[in-house]
Amino acid sequence: MKLTNPKECISAEEIRNQIDKIDKQIIELYGERHKYIEEIVRFKDDEEGIIAHDRKKQVISDRRKWAEENGLDAGTFEKMYRVLIENNIKRELELLKKKNQG
């Protein structure tokens, strides 16, 4: 996907189109990420393994740092990843229940 440099855009519409392209790519990447979420349950045997408090803390800390390194608001990205992780945990717990039912 080729993007126009933001400074080279000649209208608000062109900028919006570029943002849409980026957002579509981000969503596609989250779709890829979700495939891994679906598969990781194969390696987890209980709720504690899924909730993984230490891993959760580390992931949030890393994403805050990455946001800051990219000139973004770390608090916003922490909130986004907290929501994402909670949804992942919910899905993994559903899959674990199915796995344990046999």
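A nonpolar core is a set of buried Ala, Val, Leu, Ile, Met, Phe, Trp, Tyr and Cys residues joined through side-chain atoms within 4.5 Å. Keep that in mind for the exercises below, which use a predicted model.

**Exercise 1. Find which residues make up the largest nonpolar core, and which element gives the most to it.**

Step 1. List the members: the largest nonpolar core has eight residues, namely V41, I50, V59, I60, I85, I89, L95 and L96.

Step 2. Place them on the helices. Two elements, α3 (53–69) and α4 (74–101), each give two or more residues to this core.

Step 3. Pick the main contributor: α4 gives the most, with four residues.

Step 4. Look at one member closely. Beyond its neighbours within four places in sequence, I50 is in contact with K44, I89, E92, L93 and L96.

A general idea fits here: in soluble globular proteins, nonpolar side chains tend to be buried together.

**Exercise 2. Work out what span α3 should have, and compare it with the distance between its end C-alpha atoms.**

Step 1. Count 1.5 Å a residue; for the expected span, multiply this by one less than the number of residues.

Step 2. With 17 residues, α3 should span 24 Å.

Step 3. The end C-alpha atoms of α3 are 24 Å apart, so the two values agree.

**Exercise 3. Decide where the buried and the exposed residues of α3 lie around its axis.**

Step 1. Start with the buried ones, which have under 20% relative accessible area. In α3 these include V59, I60, R63 and A67.

Step 2. These four buried residues cover an arc of only 95° around the axis, which puts them on the same side of α3.

Step 3. Turn to the other side of α3, where D54, K57 and E69 are exposed.

Step 4. Ask what lies over the buried residues of α3: the cover includes α4.

Step 5. Follow the chain onward. Just after α3, G71 takes a positive phi of about 70°.

**Exercise 4. Is Y30 buried, partly exposed or exposed, and which residues does Y30 touch?**

Step 1. Locate Y30: this residue is in helix α1 (residues 12–40).

Step 2. Use the cut-offs: buried is under 20%, exposed is over 50%, and partly exposed is in between. At 29% relative accessibility, Y30 therefore counts as partly exposed.

Step 3. Leaving out residues up to four places away in sequence, Y30 touches Y81 and L84.

**Exercise 5. Compare the radius of gyration of the chain with that of a compact globule.**

Step 1. A compact globule of 102 residues would have a value near 13 Å.

Step 2. The chain has 18 Å instead.

Step 3. Add the dimensions: the C-alpha trace spans about 55 × 25 × 15 Å along its principal axes.

Key: Residues are numbered from 1 along each chain as its sequence is written. This is a predicted model: local features need pLDDT of at least 70, side-chain atom pairs count only at pLDDT 80 or more; totals for chains, interfaces and linings use all residues. Side-chain values use heavy atoms; hydrogens and water are left out. Buried means under 20% relative accessible area, exposed over 50%, partly exposed in between (1.4 Å probe, protein chains only). Contact means heavy atoms within 4.5 Å. The arc is that of the directions from the helix axis to the C-beta atoms. The radius of gyration is taken over C-alpha atoms; the globule rule is 2.2 Å times the number of residues to the power 0.38.
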